[in-house]
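The following note was prepared for a colleague who wishes to examine this structure point by point. Please read it alongside the sequence and the coordinates.

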Amino acid sequence: MTTKAVCPGSFDPITLGHVDIINRAAVMFDEVTVLVTANPDKPSGLFSVEERVDFIRETFDSRIKVDWWSGLLVDYTTAHGIDTLVKGLRSSLDYEYELPMAQMNRRLSGIDTIFLLTDEKYGYISSSLCKQVAKFGGDVTGMFPEHVGRAVVEKYAQ
Ligand code: PNS
């Protein structure tokens with residue numbers, strides 16, 4: 001049986017923290033899909049969904065699948081026969097945020113969520129905090145994949 005997992009998120013844009021979790025998930029599952037998903041609490045992003053998907057495609061080789069979805073996450077996973085979600089946990093704050101989503105997704109479709117603890121190197125990295133650093137001209141080296149970091153800096157320079 002092929003084991004399949006989805007790493008869902010808004011990925012606006014992907015950080016090195018996300019990259020680490022996705023690479024670790026890829027060791028654990030035969031097939032990993034990174035799914036750019038709408039977060040209704042974050043309606044207007046810095047990058048379009050297409051740009052976010054492109055950034056992720058350019059980050060990984062073809063073994064990591066990349067897709068996007070604008071509906072309920074569990075509708076995507078059920079339609080694609082995927083029974084595990086993988087997310088990273090940086091802290092107890094992430095846990096408080098993730099727990100109800102994991103329980104809701106399980107109630108809706110039976111899907112399990114596996115949490116990988118963020119590597120300490122990336123514990124302070126989030127898309128929103130790193131974007132804020134870039135917005136005010138700070139150095140974001142080592143926070144995003146290089147091509148993504150360049151795009152973030154260019155976006156704020158516009
Ligand atoms: O990276 P984020 O923004 O924390 O990811 C949150 C995300 C996108 C995974 C969550 O908002 C989501 O699953 N959105 C899709 C709509 C959905 O299924 N909502 C119910 C979640 S229990």
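The points below concern a predicted model.

1. Annotated domain. UniProt, in an unreviewed entry, places the feature "domain: Cytidyltransferase-like" at residues 6–132. Over residues 6–132 the chain is 43% helix and 23% strand. The end C-alpha atoms of this stretch are 28 Å apart.

2. Cysteines. How many disulfides does the structure hold? The number is zero. A disulfide requires two cysteine sulfur atoms within 2.5 Å. The sulfur of Cys7 has its closest cysteine sulfur in Cys130, at 18 Å, which is too far for a bond. For Cys130, likewise, the closest cysteine sulfur is that of Cys7, at 18 Å. Both side chains should be viewed with their surroundings in mind: Cys7 is buried, with a relative accessible area of 3%, and Cys130 is buried as well, with a relative accessible area of 2%.

3. The loop between strand 1 and helix 1. Strand 1 (4–9) and helix 1 (16–28) are joined by a loop in which Pro13 lies. The peptide bond joining Asp12 and Pro13 is cis, with omega about -5 degrees. Phe11 has its place in the loop between strand 1 and helix 1 too, and its phi is near 45 degrees, a positive value in a residue other than glycine. Most residues other than glycine have a negative phi, and most peptide bonds are trans, so these backbone features deserve a look in the displayed model. Is Phe11 buried or exposed? At 5% relative accessibility, Phe11 counts as buried, because the cut-off for buried is under 20%.

4. Val32 in strand 2. Val32 lies in strand 2 (residues 31–37) and, at 2% relative accessibility, counts as buried. Leaving aside residues up to four places away in sequence, Val32 touches Ala5, Cys7, Ile22, Ala25, Ala26, Arg63, Ile64 and Lys65. One of these contacts, Cys7, is 25 residues apart from Val32 along the chain, and the two C-alpha atoms are separated by 7.2 Å.

5. Asn105 in helix 4. Asn105 belongs to helix 4 (residues 92–109). The residue is buried, with a relative accessible area of 12%. Which residues does Asn105 touch, not counting residues up to four places away in sequence? They are Leu73, Val74, Leu85, Gly110 and Ile111.

6. Thr113 in strand 5. Thr113 is found in strand 5 (residues 112–117). Its relative accessible area is 19%; Thr113 is therefore buried, since the cut-off is under 20%. Beyond residues up to four places away in sequence, Thr113 touches Leu85, Lys87 and Ala102. Leu85 is thus listed as a contact of Thr113 and also as a contact of Asn105.

7. Packing of helices 2 and 6. Two packed helices are described by the angle between their axes and the distance between the axes. Helix 2 (residues 49–59) and helix 6 (residues 146–157) pack at an angle of about 150 degrees, and their axes are 10 Å apart. That angle makes helix 2 roughly antiparallel to helix 6, because angles over 145 degrees count as such. Helix 2 contributes Glu51, Phe55, Glu58 and Thr59 to the contact, while helix 6 contributes His147, Val148, Ala151 and Lys155. Sorted by class, the contact of helix 2 with helix 6 comprises three nonpolar, two polar and three charged residues.

Definitions and conventions
Residues are numbered from 1 along each chain as its sequence is written. This is a predicted model: local features need pLDDT of at least 70, side-chain atom pairs count only at pLDDT 80 or more; totals for chains, interfaces and linings use all residues. Side-chain values use heavy atoms; hydrogens and water are left out. Buried means under 20% relative accessible area, exposed over 50%, partly exposed in between (1.4 Å probe, protein chains only). Axes are lines fitted to C-alpha atoms, for helices over the stretch in contact, and angles run from 0 to 180 degrees between N-to-C directions. Helices (H or I, at least four residues) and strands (E, at least two) are DSSP runs, numbered from the N terminus. Angles under 35 degrees count as roughly parallel, over 145 as roughly antiparallel, 65 to 115 as roughly perpendicular and the rest as oblique. Contact means heavy atoms within 4.5 Å. Ala, Val, Leu, Ile, Met, Phe, Trp, Tyr, Cys and Pro count as nonpolar, Asp, Glu, Lys and Arg as charged, and the others, Gly among them, as polar. UniProt positions are given in the numbering used here, feature names are shortened, and annotations may be inferred rather than shown by experiment.
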